[in-house]
Amino acid sequence: MAVLVLSSVAMYAQHAVGSLNIQPRVGMNIANMTKSDGADSRIGLVAGAELEYQISDIFSLSGGVLYSQQGYKWSEDGFSATTKLDYINIPILANVYVVKNLAVKVGIQPGFNVNTSVPGEETFGDELDGAKTFDFSIPVGLSYEFSNVVLDARYNFGVTKVFDGSDSCNSVFQIALGYKFSL
């Protein structure tokens with residue numbers, strides 16, 4: 001069935017086979033933590049650029065560098081605050097164009113923590129021993145392109161634990177707008 005679907009969409013080439021393009025992009029994250037009772041989403045910025053290489057009519061590979069504001073909001077005993085976890089993420093994605101201008105994306109994403117702010121550490125003690133410097137997630141999403149403008153939506157499933165002493169992982173929904181430039 002997969003072969004039938006892939007062969008039927010071969011006519012939907014987005015860019016010439018062998019072409020390379022760069023896509024600056026900016027958008028917003030709706031970030032939270034898994035296994036974190038009472039946590040609310042943190043809205044943050046995502047910005048960066050991705051390179052895409054068109055391997056065949058319906059398949060391309062992309063890789064990028066994105067600054068991503070993640071974390072969550074929480075409250076306890078009348079105290080509320082936002083735990084800020086900012087990353088430099090490196091998404092590496094396989095893109096399958098299933099219909100004209102529409103791509104399904106899946107891949108891997110290593111991330112490096114560049115900023116951590118946990119208000120209330122003094123109040124709540126060592127419940128969270130510190131943020132890990134490395135994060136790994138699996139991004140899954142869709143993108144739609146019209147006249148080189150790309151609307152991209154993806155969900156990043158966190159795989160690694162964010163804090164020592166906690167089982168919580170990052171959980172991030174991301175929506176971004178970009179523009180493709182041919183190289």
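# A guided tour of the predicted chain

Begin with a pair of facing residues: select Val96 and Val104, which stand opposite each other, the latter in strand β6. The model in the viewer is a predicted one.

**The strands around β5**

Extend the selection to β5 and to β6, residues 102–117. These two strands pair in the antiparallel sense, over seven bridges. Together β5 and β6 form a hairpin with two residues between them. In that turn, select Asn101, whose phi is positive, at about 75°, although Asn101 is not a glycine. Is Asn101 buried or exposed? With a relative accessible area of 18%, Asn101 falls under the 20% limit and is therefore buried.

Next, add strand β3, residues 59–76, to the view. Strand β3 pairs with β5 (residues 92–99), again in the antiparallel sense, over five bridges. A convenient marker here is Gly63, which stands opposite Ile92 in β5.

**A buried pair: Gln109 and Ser137**

Move along β6 to Gln109. The relative accessible area of Gln109 is 2%, so this residue counts as buried. Which residues does Gln109 touch, apart from those up to four places away in sequence? They are Asn89, Ile90, Pro91, Asp135, Phe136, Ser137, Pro139 and Asn156.

From this list, select Ser137, which is found in strand β7. Ser137 is also buried, at a relative accessible area of 3%. Leaving out residues up to four places away in sequence, Ser137 touches Ile108, Gln109, Asn156, Phe157, Gly158 and Val159. Asn156 is thus touched by Gln109 and by Ser137.

**The loop after β7**

Continue to Ser147, placed in the loop between β7 and β8. Phi of Ser147 is near 50°, a positive value in a residue other than glycine. Ser147 is exposed, with a relative accessible area of 55%, whereas Asn101, in the loop between β5 and β6, is buried.

**Salt bridges**

A search of the whole structure finds nine salt bridges. Three of them may be visited in turn.

- Select Glu50 and Arg25, whose side chains meet in a salt bridge at 3.7 Å, N to O. Glu50 belongs to strand β2 (residues 40–54) and Arg25 to strand β1 (residues 20–33), so this pair ties together parts that are 25 residues apart in sequence. Glu50 counts as buried at 4% relative accessibility, and Arg25 at 5%.
- Select Glu52 and Lys180, which form a salt bridge with the closest N and O atoms 2.5 Å apart. Glu52 lies in strand β2 and Lys180 in the loop between β9 and β10 (181–182), so the pair ties together parts that are 128 residues apart in sequence. Both Glu52 and Lys180 are buried.
- Select Arg154 and Asp152, where the closest N and O atoms of the salt bridge are 2.9 Å apart. Arg154 is buried, with a relative accessible area of 2%, and Asp152 counts as buried, also at 2%. Salt bridges that share partners join Arg25, Glu50, Lys105, Asp152 and Arg154 into one network.

**The nonpolar patch**

Turn now to the surface and select Met28, Ile43, Tyr144, Phe146, Val149, Leu151, Phe173, Ile175, Leu177, Tyr179 and Phe181, which make a nonpolar patch of about 1000 Å². Strands β7 (134–146), β8 (149–161) and β9 (169–179) are the elements that give two or more residues to the patch. The largest share, four residues, comes from β9. One residue to examine in β9 is Ile175, which is partly exposed at a relative accessible area of 31%.

**The whole chain and its confidence**

Finally, display the entire chain, which has two helices and ten strands. From the N terminus on, the elements run α-β-β-β-β-β-β-α-β-β-β-β. Of the 183 residues, 39% count as buried. The accessible surface comes to about 9200 Å², of which 65% belongs to carbon and sulfur atoms. Among contacts between residues at least 6 apart in sequence, 62% join residues at least 24 apart.

Then colour the chain by pLDDT. The mean is 88, and 87% of the residues reach 70 or more. Where is confidence lowest, and where is it highest? Confidence is lowest in helix α1 (residues 2–8), at a mean of 46, and highest in β7, at 98. Over residues 2–13 the pLDDT is below 50, and this stretch has 13 contacts in the model beyond near neighbours in sequence. Residues 123–127 are also below 50, with six such contacts. Where pLDDT is low, the predicted coordinates should not be read in detail.

Conventions:
Residues are numbered from 1 along each chain as its sequence is written. This is a predicted model: local features need pLDDT of at least 70, side-chain atom pairs count only at pLDDT 80 or more; totals for chains, interfaces and linings use all residues. Side-chain values use heavy atoms; hydrogens and water are left out. Patches are made of residues with over 30% relative accessible area and no salt bridge: like charges are joined within 9 Å, nonpolar side chains (Val, Leu, Ile, Met, Phe, Trp, Tyr) within 5 Å. Accessible areas come from the Shrake-Rupley method with a 1.4 Å probe; for residues, only the protein chains shown count as cover. A salt bridge is a side-chain nitrogen of Lys or Arg within 4 Å of a carboxyl oxygen of Asp or Glu. Buried means under 20% relative accessible area, exposed over 50%, partly exposed in between (1.4 Å probe, protein chains only). Two strands pair if DSSP finds at least two bridges between them. Contact means heavy atoms within 4.5 Å. pLDDT is the predictor's confidence in each residue, from 0 to 100.
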